[in-house]
Amino acid sequence: MRIGELARRAGTTTRALRFYESQGLLDAPRAANGYREYGEEEFRLVREILTLQAAGLSLDDTRPFVECLRAGHPRGDSCADSVEVYQRKLDEVNACIDRLTAVRADLLAKLADALPGPPGPCGVSVEPEEES
């Protein structure tokens, strides 16, 4: 199949496919007339790249997965290098969650300090009485 058909089938653009090629992630065999000719293996690689990017991995992070598929493994995450990428990304996500949890706690505390006292029996806020 030609580049336009591969792009359409994979749900991407010809520009993206050319970029993947320039980055060494995709091979573009050429026909006698010079056109790129792709097969099902290239389609599989592009789908793997797009799936991983949708999950938050960078294009560079997809390299071990592509290499694993090229090595003949049934899945891109069958290789140790791919698993390491998953672990590194999970560590990054967990660190981000920890930071966001701390920010959330801080904002909740600030909001509690900013709100008036609890509502009284008629729905009117009651300020705490000051001690003398």
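**Exercise 1. Describe the link between Cys68 and Cys79, starting from its handedness.**

*Solution.* Start with the twist: the link of Cys68 and Cys79 is right-handed, with 85 degrees about the S-S bond. Next, place the two ends. Cys68 sits in helix 4 and Cys79 in the loop between helix 4 and helix 5 (80–114), so the pair ties together parts that are 11 residues apart in sequence. Helices here are DSSP runs (H or I, at least four residues), numbered from the N terminus. Then check the distance: the sulfur atoms of Cys68 and Cys79 are 2.1 Å apart, and a disulfide is a pair of cysteine sulfur atoms within 2.5 Å. Searching the whole structure turns up one disulfide. Last, look at the surroundings: Cys68 and Cys79 are both buried, where buried means under 20% relative accessible area, exposed over 50% and partly exposed in between (1.4 Å probe, protein chains only). Cys96, at 32% relative accessibility, counts as partly exposed.

A quick word on the model: it's predicted, so local features need pLDDT of at least 70, side-chain atom pairs count only at pLDDT 80 or more, and totals for chains, interfaces and linings use all residues. Residues are numbered from 1 along each chain as its sequence is written, and side-chain values use heavy atoms, with hydrogens and water left out.

**Exercise 2. Work out how the buried residues of helix 1 are arranged.**

*Solution.* First, pick them out: Ile3, Leu6, Ala7 and Ala10. Now look down the axis of helix 1: these buried residues fall within an arc of 100 degrees (taken from the directions from the helix axis to the C-beta atoms), so they line one face of the helix. Then find their partners, which are helix 2 and helix 3. Zoom in on Ile3, buried at a relative accessible area of 14%. Not counting residues up to four places away in sequence, Ile3 touches Thr14, Leu17, Arg18, Arg36 and Tyr38; contact means heavy atoms within 4.5 Å. Finally, step off the end: Gly11, just after helix 1, takes a positive phi of about 80 degrees.

**Exercise 3. Find which elements build the largest nonpolar core.**

*Solution.* A nonpolar core is a set of buried Ala, Val, Leu, Ile, Met, Phe, Trp, Tyr and Cys residues joined through side-chain atoms within 4.5 Å. This one has 20 residues, and Leu6, Leu17, Tyr20, Leu26, Tyr38 and Val46 touch the most other members. Two or more residues come from each of helix 1 (3–10), helix 2 (14–22), helix 3 (40–54) and helix 4 (63–70). Helix 3 gives the largest share, five residues.
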